[in-house]
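User: Let's walk through this model. I'll ask as things come up.

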Amino acid sequence: MGQPGSGEHRAAGESELPPGQRLQRGWPVTHYGPVPKFKPDRWEFRVFGATADGDKRCWTHEELSALPFSTVVADLHCVTKFSMVGAEWGGVPARTILELAPPAARVTHVMVWAEYGFSANMRLSDFASERTIFATHKDGELLTAEHGFPLRLIVPHLYAWKGPKWVRGVEYMTADRRGFWEERGYHNIGDPWREQRYSYQEEPGDGPEL
């Protein structure tokens, strides 16, 4: 995957915090459940579901690490109301995965799967953003296990729960389906600028019924 390079400039206005957020110094560890033990010989990243050719695609850790390295400078907004600003995330852009394993034309959403069956759903357009990245590094350093090593998804324009730690794969979907936290009362879309924190705030069309 090469060495971390220079990051992109933050999008206009992103230095301002979304409503209800507070500036966080440092990076708190927040997750549910234990930290998984990384076993490189057993680890793989899969893309499956409604792929363009009907087949799934798999990468070993070594193969995924060999993909071109990119960086994005972006904020991280946690639904618990802290925001960490100006971090440089390094890894594999989601668009690279879409190019290497294209979705079928009818795909509208993806489910990002992580260890222990955790998952997060999002619109294909959110996943395909040029700023969405499967991160292996933060500020030039490998992620720690507590922060998601070997792979976590960063979707800067959505709340951080939409980017699971310890990612293992992506499922292409032709209809929306709620992920782990979305089934448990979190907003199906999760836009921090609209303060879409909880499912009771959803409007018609925001997601499937609970």
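User: What lies 3.5 Å from a polar atom of the side chain of His 187?

Analyst: The backbone nitrogen of Gly 190. That is a polar contact, meaning two N or O atoms within 3.5 Å; within protein, one must be able to donate a hydrogen and the other to accept it, and residues adjacent in sequence count only if both atoms are side-chain atoms. The His 187 side chain also reaches the backbone nitrogen of Ile 189, at 3.0 Å.

User: Before we go on, what sort of model is this?

Analyst: A predicted one: local features need pLDDT of at least 70 and side-chain atom pairs count only at pLDDT 80 or more, while totals for chains, interfaces and linings use all residues. Residues are numbered from 1 along each chain as its sequence is written, and side-chain values use heavy atoms, with hydrogens and water left out.

User: Back to His 187. Buried or exposed?

Analyst: Buried, at a relative accessible area of 1%. Buried means under 20%, exposed over 50% and partly exposed in between, with a 1.4 Å probe and protein chains only. His 187 sits in the segment after E11.

User: Which residues does His 187 touch, leaving out those up to four places away in sequence?

Analyst: Among them are Trp 161, Lys 162, Glu 182, Arg 197, Tyr 198 and Asp 206. Contact here is heavy atoms within 4.5 Å.

User: Trp 161 and Tyr 198 caught my eye. Which aromatic cluster are they in?

Analyst: One made up of Phe 118, Tyr 159, Trp 161, Phe 180, Trp 181, Tyr 186, Tyr 198 and Tyr 200. Rings of Phe, Tyr and Trp (its six-membered ring) pair if their centres lie within 6.5 Å; planes under 30 degrees apart are stacked, over 60 edge-to-face, and the rest tilted.

User: How many aromatic pairs are there in the whole structure?

Analyst: The search finds 12. In one of them, the ring centres of Phe 38 and Phe 149 are 5.3 Å apart with the planes at 85 degrees, so this pair is edge-to-face. Phe 38 is in the loop between E1 (22-23) and E2 (44-49) and Phe 149 in the loop between E9 (141-142) and E10 (152-154), so the pair ties together parts 111 residues apart in sequence. Phe 38 is partly exposed, at 25% relative accessibility.

User: And Phe 127 with Phe 134: what geometry?

Analyst: That pair is edge-to-face too, 5.9 Å centre to centre and 70 degrees between the planes. Both Phe 127 and Phe 134 are buried.

User: Switching to the sheet. What is the strand order?

Analyst: E3-E2-E11-E6-E7, an open sheet of five strands with mixed pairing. E3 (57-60) and E7 (119-123) are at the edges with a single partner strand each, so one side of each has no neighbour in the sheet. Strands (E, at least two residues) and helices (H or I, at least four) are DSSP runs numbered from the N terminus, and two strands pair if DSSP finds at least two bridges between them.

User: Which way do E6 and E7 run?

Analyst: Antiparallel, with E6 covering residues 109-114 and five bridges between the two. Val 110 is partnered with Met 122, and Met 111 is opposite Asn 121. E6 and E7 make a hairpin with four residues between them, where Tyr 116 has a positive phi of about 65 degrees.

User: What about E11 and its partners?

Analyst: E11 (167-173) runs antiparallel to E6, over six bridges, but parallel to E2, over four. Gly 169 in E11 stands opposite Trp 113 and also opposite Arg 46. Val 112 has Val 170 as its bridge partner in E11.

User: Why is E6 called largely enclosed by the rest of the structure?

Analyst: Because five of its six residues are buried. For E11 the count is six of seven, so it is largely enclosed as well.

User: How many disulfides?

Analyst: Zero, taking a disulfide as two cysteine sulfur atoms within 2.5 Å. Cys 58 is partly exposed at 28%, whereas Cys 78 is buried at 9%.

User: Last one: where is Thr 71?

Analyst: In strand E4, residues 70-77. Thr 71 is buried, at 5% relative accessibility. Thr 71 and His 137 are 66 residues apart in sequence and 8.9 Å apart in space, C-alpha to C-alpha.
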